[in-house]
Amino acid sequence: MKQILIALAALSLAACSTKPPLTLQAFECGEVEVRDISLFSPGIDEGMKKNLVDSCYLIQHPKGNLIWDTGITDAVGEEGVEVFGGKLKLTVTNPLSDQLAAINIKPSDIQFMGISHFHGDHTGNANLFNTAQLFIQQAEYDAAFGPTPESFGFNADSYNKIDKTKITVLNGDHDVFGDGSVIIKPAPGHTPGHQMLLVNLEKEGPIMLSGDLYHFTKNREHKRVPSFNFDKEQTLQSMESIEEFVKETDAKLWIQHDKEQNATIKHSPYSYQ
Ligand SMILES: [Zn+2]
């Protein structure tokens with residue numbers, strides 16, 4: 001009897017250790033040359049240039065794979081494209097599809113897609129993942145799939161292949177896998193339904209992905225709101241509530257566009273656990 005119990009205990013231990021862990025991988029999904037950074041911080045550093053990065057992330061959970069943001073479209077390539085009346089230049093040196101292929105992930109292996117907001121540098125490769133279930137806040141849905149997406153600065157062509165029957169419209173927090181490990185949190189203001197992602201990693205602890213709540217650390221420190229944000233007051237409220245949440249949960253805030261912070265983050269194939 002005793003031997004059977006020991007064998008059973010060993011079996012359950014083995015089962016525990018083979019359970020795939022929750023992992024997070026970061027990808028660089030393009031670069032943004034900002035020719036006048038005061039676009040992001042009105043009245044400050046006028047005429048100064050600054051480079052930003054564009055980030056995407058893959059979260060792997062036993063129940064499926066989630067892509068968080070899809071970057072600048074791979075089609076832009078190294079030659080790049082000027083947008084925003086030439087104030088920004090976007091380039092892509094390492095296509096997201098190639099980076100995923102390098103870790104043996106096909107777009108059809110992605111069952112879930114979270115997009116922080118529908119600006120083109122976040123929806124760029126959304127059409128690649130047209131078999132995934134999309135999570136989007138109601139206000140973002142109304143803007144992106146309503147009659148005038150361009151009036152919100154969205155490019156509907158970049159996401160027109162998303163399977164509309166697989167869209168899950170949210171009104172607030174959403175626990176993606178139902179176990180508290182990956183939570184979508186609304187943080188409106190940059191766009192009507194801007195949202196962020198909390199990933200509760202076992203070893204690394206909680207990591208919060210910023211979307212465009214901030215574009216770089218200095219703006220976080222001074223709570224500066226880009227001139228093109230949808231709603232300044234709402235943005236400031238989101239900054240306040242997210243800062244409170246980050247403090248409470250002791251989460252690290254990864255600022256997706258911050259080139260300097262990004263240089264300190266290990267990228268795919270490295271997996272944060
Ligand atoms: Zn952005």
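This report describes a predicted model of one protein chain with a zinc ion, moving from the overall fold to individual residues.

## Overall fold

The protein chain contains seven helices and 13 strands. Its radius of gyration is 19 Å, which agrees with the value near 19 Å that a compact globule of 273 residues would have. Along the principal axes, the C-alpha trace nevertheless spans about 75 × 35 × 35 Å, and both descriptions should be kept in view when the overall form is considered.

Of the 273 residues, 48% count as buried, while the chain as a whole exposes about 12800 Å², with carbon and sulfur atoms supplying 53% of that area. Among contacts between residues at least 6 apart in sequence, 65% join residues that are at least 24 apart.

## The zinc site

Four residues of the protein provide donors to the zinc ion, namely D121 and D212 through OD atoms and H122 and H257 through NE2 atoms, at distances of 2.1 to 2.4 Å. Along the chain these donors follow the spacing D-H-x89-D-x44-H, and two of the four can also be described by their accessibility: D121 is buried, with a relative accessible area of 17%, and H122 is buried as well, at 1%.

The angles among the four donor atoms run from 88 to 159°. Because a tetrahedral assignment requires all angles to lie between 85 and 135 degrees, the upper end of this range rules that assignment out, and the site is classed as irregular. As a point of reference, the ideal angle for four tetrahedral donors is 109.5 degrees.

## The disulfide

The count of disulfides comes to one, and the bond is formed by C29 and C56, whose sulfur atoms lie 2.1 Å apart. The pair links distant parts of the chain, 27 residues apart, with C29 in strand β1 (residues 23–34) and C56 in strand β2 (residues 50–61). Both cysteines count as buried, since the relative accessibility is 2% for C29 and 0% for C56.

The loop between β1 and β2 holds S38, which is buried at 12% relative accessibility. Beyond its neighbours within four places in sequence, S38 is in contact with G43, I44, D45, E46 and G47.

## Backbone geometry

Most residues other than glycine have a negative phi, and most peptide bonds are trans. Against that background, D69 has a positive phi near 70° and is placed in the loop between β3 (64–68) and β4 (81–83), where its relative accessibility of 0% makes it buried. K223, also not a glycine, has a positive phi of about 50°; this residue lies in the loop between α5 (217–222) and α6 (232–249) and is partly exposed, with a relative accessible area of 33%.

A cis peptide bond joins S268 and P269, with omega at about 15°, and P269 belongs to the segment after α7 (259–262).

## Surroundings of P186

P186 is located in strand β10 (residues 182–186) and is partly exposed, with a relative accessible area of 29%. When residues up to four places away in sequence are not counted, P186 touches Q137, G172, D173, H194, Q195 and I242. Its C-alpha atom is separated by 22 Å from that of L22, a residue 164 positions away along the chain.

Key:
Residues are numbered from 1 along each chain as its sequence is written. This is a predicted model: local features need pLDDT of at least 70, side-chain atom pairs count only at pLDDT 80 or more; totals for chains, interfaces and linings use all residues. Side-chain values use heavy atoms; hydrogens and water are left out. Donors are N, O and S atoms within 2.8 Å of the metal (3.2 Å for Na, K and Ca); water is not among the atoms, so sites may look incomplete. Four donors count as tetrahedral if all angles lie between 85 and 135 degrees; four count as square planar and six as octahedral if opposite donors are over 155 degrees apart and all others between 65 and 115; anything else is irregular. Buried means under 20% relative accessible area, exposed over 50%, partly exposed in between (1.4 Å probe, protein chains only). A disulfide is a pair of cysteine sulfur atoms within 2.5 Å. Helices (H or I, at least four residues) and strands (E, at least two) are DSSP runs, numbered from the N terminus. The radius of gyration is taken over C-alpha atoms; the globule rule is 2.2 Å times the number of residues to the power 0.38. Contact means heavy atoms within 4.5 Å. Accessible areas come from the Shrake-Rupley method with a 1.4 Å probe; for residues, only the protein chains shown count as cover.
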